[in-house]
Amino acid sequence: MIKAILVFNNHGKPRLLRFYQHYTEEQQQQIVRETFHLVSRRDDDVCSFLEGGTLIGGSDYKLIYRHYATLYFVFCVDSSESELGILDLIQVFVETLDRCFENVCELDLIFHVDKAGLSAAPAKAAAALKNIDLPSLPKDLKLPDLPKLPSFR
């Protein structure tokens, strides 16, 4: 089971976060910091998976990651998941983002996350947007459909 998907840059700044269990915002920030510390210190020639940090579940969970250019894509999963299957899933995820953004980069995830149908805004920022008085939005706005990901069995 996937516990969290984390995408952060080479400096540890989160760009996309998706937690599948409830954590407070402070706990999420600590998990991102700990995960960045564990993953960024590893050499490029070692395997792309390791035991989870103390905050994300310890030895019962694994961190499986890929480093592309300036971004780390990290999946936090339980011990029942296949490391190679998750590495393949990360590859499919990045390829889908590449198709969506025509060669995805960090700035796409910062400024156009809505195009991918993902939300990276912290809870406070999202709550603050609800209170802003915006002019009416266009009603006939058509966005392209995202490609469907293959199903894994």
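**Strand pairing, salt bridges and a few buried side chains**

Strand E3 (residues 49-51) is joined to E4 by 3 bridges, and the two run antiparallel. Strands pair here if DSSP finds at least two bridges between them; the strands themselves (E, at least two residues) and the helices (H or I, at least four) are DSSP runs, numbered from the N terminus. Everything below comes from a predicted model, in which local features need pLDDT of at least 70 and side-chain atom pairs count only at pLDDT 80 or more, while totals for chains, interfaces and linings use all residues. Residues are numbered from 1 along each chain as its sequence is written, and side-chain values use heavy atoms, with hydrogens and water left out.

Back to the strands. Within the E3 and E4 pairing, Phe49 sits opposite Ile64. E4 also goes on to pair with strand E5 (residues 71-78), again antiparallel, through 8 bridges. Here Tyr68 faces Leu71 across the pairing. E4 and E5 make a hairpin with 2 residues between them, and Ala69 in that turn has a positive phi of about 50°. As for the side chains, in a regular strand they alternate between the two faces of the sheet.

Zooming out, the protein has 4 helices and 5 strands, and the order from the N terminus reads β-β-α-β-β-β-α-α-α. Of its 153 residues, 35% count as buried, where buried means under 20% relative accessible area, exposed means over 50%, and partly exposed is anything in between (1.4 Å probe, protein chains only). The accessible surface adds up to about 10300 Å², with 54% of it belonging to carbon and sulfur atoms; the areas come from the Shrake-Rupley method with a 1.4 Å probe, and for residues only the protein chains shown count as cover. Among contacts (heavy atoms within 4.5 Å) with a separation of 6 or more, 47% are between residues 24 or more positions apart.

Now for the charges. Side chains of opposite charge can pair when their charged atoms come close. With a salt bridge taken as a side-chain nitrogen of Lys or Arg within 4 Å of a carboxyl oxygen of Asp or Glu, the count is 2. One of them brings together Arg15 and Glu106, at 2.8 Å from N to O. That pair links distant parts of the chain, with Arg15 in strand E2 (residues 14-19) and Glu106 in helix H3 (residues 106-111), 91 residues apart. Arg15 counts as buried because its relative accessibility is 18%, and Glu106 is buried too, at 16%.

Glu106 deserves a bit more attention. Its side chain makes a polar contact with the side chain of Arg15 at 2.8 Å, and a second one, at 3.2 Å, joins the side chains of Glu106 and Thr70. A polar contact means a pair of N or O atoms within 3.5 Å; within protein, one must be able to donate a hydrogen and the other to accept it, and residues adjacent in sequence count only if both atoms are side-chain atoms. Setting aside residues up to four places away in sequence, Glu106 touches Asn9, Arg15, Thr70 and Leu71.

The other salt bridge is between Lys62 and Glu83, whose closest N and O atoms are 3.1 Å apart. This pair also links distant parts of the chain: Lys62 is in strand E4 (residues 61-68) and Glu83 in helix H2 (residues 83-101), 21 residues apart. Lys62 is buried, given a relative accessibility of 14%, whereas Glu83 is partly exposed at 25%.

Helix H1 (residues 25-40) holds Thr35, which is buried with a relative accessible area of 3%. The Thr35 side chain reaches the backbone oxygen of Ile31 at 2.7 Å. Beyond its neighbours within four places in sequence, Thr35 is in contact with Leu6, Phe8, Leu63 and Val74. Gln30 also lies in H1, but this residue is partly exposed, at 30%. The C-alpha atoms of Gln30 and Ile56 are 9.6 Å apart, with the two positions 26 residues apart along the chain counted as their separation.

On the outside, Leu107, Ile110 and Phe111 form a nonpolar surface patch with about 310 Å² of accessible area together. Patches are made of residues with over 30% relative accessible area and no salt bridge; like charges are joined within 9 Å, and nonpolar side chains (Val, Leu, Ile, Met, Phe, Trp, Tyr) within 5 Å. Phe111 belongs to helix H3 and is exposed, with a relative accessible area of 59%.
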